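Open your viewer, pick a colouring you like, and keep the selection box handy. Let's walk through this model one stop at a time.

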Amino acid sequence: MNEPETIRSMLAGSKTIAVIGLSADPAKPSHYVSAYMQQHGYKILPINPSLAGAEVLGEPSYASLAALPVKPDLVNVFRVPSLIPGIVDEMIALGLKNLWVQQGIVNREAAERAEQGGIRVVMDRCIMVEHRKNSG
């Protein structure tokens with residue numbers, strides 16, 4: 001978890017990012033971090049049950065990973081630690097392979113279960129900060 005090579009590989013090998021907890025509020029980190037990634041060529045797939053059907057960053061929002069019309073390359077999470085195990089379960093069921101949990105969010109047990117299920121994990125790191133570090 002959080003190996004520099006894993007971080008670089010996830011950033012370079014991902015084109016579509018499902019963002020769980022993406023807010024429509026531009027002042028929220030989930031919004032401006034996702035906007036940054038979008039500006040750098042990534043396709044953002046918003047996931048927020050309360051916004052399902054609405055547009056966020058010009059993309060339709062979905063209620064869950066299972067509701068997405070495509071399989072994302074990476075799942076980026078802006079939710080509380082207690083919700084990470086359910087996200088891992090959904091990722092395993094859908095065969096998704098890359099989990100990025102944003103800075104300040106830690107659930108070690110869920111990360112271990114994800115890795116045992118064949119999912120690469122980056123946890124407690126900001127994807128925008130890591131992208132800036134790795135693209136310069």
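Start by selecting Glu59 and Lys43: their side chains meet in a salt bridge, 2.9 Å from N to O. A salt bridge here is a side-chain nitrogen of Lys or Arg within 4 Å of a carboxyl oxygen of Asp or Glu. Before going further, note that this is a predicted model, in which local features need pLDDT of at least 70 and side-chain atom pairs count only at pLDDT 80 or more, while totals for chains, interfaces and linings use all residues. Residues are numbered from 1 along each chain as its sequence is written, and side-chain values use heavy atoms, with hydrogens and water left out.

Back to the pair, which links distant parts of the chain: Glu59 sits in strand S4 (residues 59-60) and Lys43 in strand S2, 16 residues apart. Helices (H or I, at least four residues) and strands (E, at least two) are DSSP runs, numbered from the N terminus. Is Glu59 buried or exposed? Glu59 counts as buried because its relative accessibility is 16%, whereas Lys43, at 38%, is partly exposed. The cut-offs are under 20% relative accessible area for buried, over 50% for exposed and in between for partly exposed (1.4 Å probe, protein chains only).

Next, select Leu57, in the loop between S3 and S4. Leu57 is not a glycine, yet its phi is positive, about 55°. Most residues other than glycine have a negative phi.

Now move to Asn48, in the loop between strand S2 (43-47) and strand S3 (55-56). Asn48 counts as buried, with 14% relative accessibility. Show the side chain: one of its polar atoms lies 3.0 Å from the backbone oxygen of Leu22. Beyond its neighbours within four places in sequence, Asn48 is in contact (heavy atoms within 4.5 Å) with Gly21, Leu22, Ser61 and Tyr62.

Then colour helix H2 (residues 29-39) and helix H5 (residues 127-134): their axes come within 9 Å and cross at roughly 35°. Axes are lines fitted to C-alpha atoms, for helices over the stretch in contact, with angles from 0 to 180 degrees between N-to-C directions. Which residues make the contact? Show Tyr32, Val33, Tyr36 and Met37 on H2, with Ile127, Met128, His131 and Arg132 on H5. By class, there are six nonpolar, one polar and one charged residues. Here Ala, Val, Leu, Ile, Met, Phe, Trp, Tyr, Cys and Pro count as nonpolar, Asp, Glu, Lys and Arg as charged, and the others, Gly among them, as polar.

Stay with H2, where the buried residues include Ser30, His31 and Ala35. The buried residues of H2 pack against helix H1 (4-13), strand S1 (16-20), S2, S3 and H5. Just after H2 comes Gly41, with a positive phi near 95°.

From H5, step back to Asp124, in the loop between strand S7 (120-123) and H5. Asp124 is another stop with a positive phi in a residue other than glycine, near 65°. Next select Arg125 and Glu130, which form a salt bridge with closest N and O atoms 3.7 Å apart. Glu130 is buried at 6% relative accessibility, and Arg125 is partly exposed at 28%. Add Lys133 to see a network of salt bridges linking Arg125, Glu130 and Lys133.

Finish in H1 with Arg8 and Glu5, whose side chains meet in a salt bridge (3.4 Å, N to O). Why are they about one helical turn apart? Because they are three residues apart in helix H1. The whole structure has five salt bridges.

How values were computed. A polar contact is a pair of N or O atoms within 3.5 Å; within protein, one must be able to donate a hydrogen and the other to accept it, and residues adjacent in sequence count only if both atoms are side-chain atoms.
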